[in-house]
Amino acid sequence: MSAPPARPPRAIGLYLAVVQFFLALSWVVYVAYLPQLAQRAGIEPRWVPWLLMADQLVFLVCDLAVGLASDRAARVIGRIGRAVVAATLLSTGAFVLLPWAAPQGSPGLFVALTGVWAVTSSALRAPPMALLGRYVAQPSQPLLIALSSFGLGIANAVAPYVGLQLKAIDPAWPFVLSALGLAAVTLGIVAAERSLAGQAAPAAAPRSAEAPWRAAPALAFIVACGLAALAFQWHSAIA
């Protein structure tokens, strides 16, 4: 008689939902204050939409690169978690410095910090999905991915209200609080990775390389997802 399948670690999914919530909330804070901070840094208002689009393109490229790197790093237990924590601390540091850099009147410094934040924040999007894909049984993956995405849904739901409330607040405190909250919840990613690895079944034998004609539909699907994501981000930024 075969053993019953292990129940999906719902707590991990809920934890990742909290991480994604704080990550999306930091984006809400950034967008709400970007016109004001850009003006303080000496950047003309007409460049703000282009700065937002540049951020989205950086997110798109870095998410793909980080996803590929995290898939290779997952062969060593604990490597993804430590890399995510390190990148997040760097990301939160750049995020906290944005309101400080803007009044200095240096557009180059402001754009550079924005770039560092955009690149390093990719560590919180692709690696959690790589962890779920590697350590969680396929029947349990949809539930955990849905729980993780639930945090993004909540952040998007409260974004209009939060954006309106932030208009009358000095940007320093929202940036600091959102960055510290994100850094605090991310520290648990190492424990989450080890928990997933401990509950995972023995790794299956590596699959042989698939024929090119079999990989073509998957590649087309990935390209379609990339185009859809880019269109959605363009719509959000312009709106």
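Q: Which residues in helix 1 meet helix 7?
A: The model is a predicted one. In it, Y15, V18, V19, F22, L23, S26, V29, Y30, Y33 and L37 are the helix 1 residues that meet helix 7.

Q: And what do they meet on the helix 7 side?
A: On helix 7 the partners are P174, F175, S178, G181, L182, V185 and T186.

Q: How do the residues of that contact divide into nonpolar, polar and charged?
A: There are 13 nonpolar and four polar residues in the contact of helix 1 with helix 7, and no charged ones.

Q: At what angle do helix 1 and helix 7 pack?
A: The angle is about 160 degrees, and the axes lie 9 Å apart. Angles over 145 degrees count as roughly antiparallel, so helix 1 and helix 7 are roughly antiparallel to each other.

Q: Is their crossing left-handed or right-handed?
A: Helix 1 and helix 7 cross in a left-handed way.

Q: Back to helix 1 itself. What span should its 31 residues have?
A: Helix 1 covers residues 10–40, and at 1.5 Å a residue it should span 45 Å. Its end C-alpha atoms are 44 Å apart, which agrees.

Q: Where in helix 1 is the kink?
A: At L34, shortly before the proline P35, and the kink is about 55 degrees.

Q: What comes just after helix 1?
A: G42 is found there, with a positive phi of about 90 degrees.

Q: New topic, F21. Which residues does F21 touch?
A: F21, which sits in helix 1, touches G151, I154, A155 and V158, leaving aside residues up to four places away in sequence.

Q: How many residues apart in sequence are F21 and I154?
A: They are 133 residues apart in sequence, with 6.9 Å from C-alpha to C-alpha in space.

Methods:
Residues are numbered from 1 along each chain as its sequence is written. This is a predicted model: local features need pLDDT of at least 70, side-chain atom pairs count only at pLDDT 80 or more; totals for chains, interfaces and linings use all residues. Side-chain values use heavy atoms; hydrogens and water are left out. Helices (H or I, at least four residues) and strands (E, at least two) are DSSP runs, numbered from the N terminus. The expected span of a helix is 1.5 Å times one less than its number of residues. The bend at a residue is the angle between axes fitted to the seven residues ending there and the seven starting there. Axes are lines fitted to C-alpha atoms, for helices over the stretch in contact, and angles run from 0 to 180 degrees between N-to-C directions. Angles under 35 degrees count as roughly parallel, over 145 as roughly antiparallel, 65 to 115 as roughly perpendicular and the rest as oblique. A crossing is left-handed if the near helix is turned anticlockwise from the far one by less than a right angle, and right-handed if clockwise. Contact means heavy atoms within 4.5 Å. Ala, Val, Leu, Ile, Met, Phe, Trp, Tyr, Cys and Pro count as nonpolar, Asp, Glu, Lys and Arg as charged, and the others, Gly among them, as polar.
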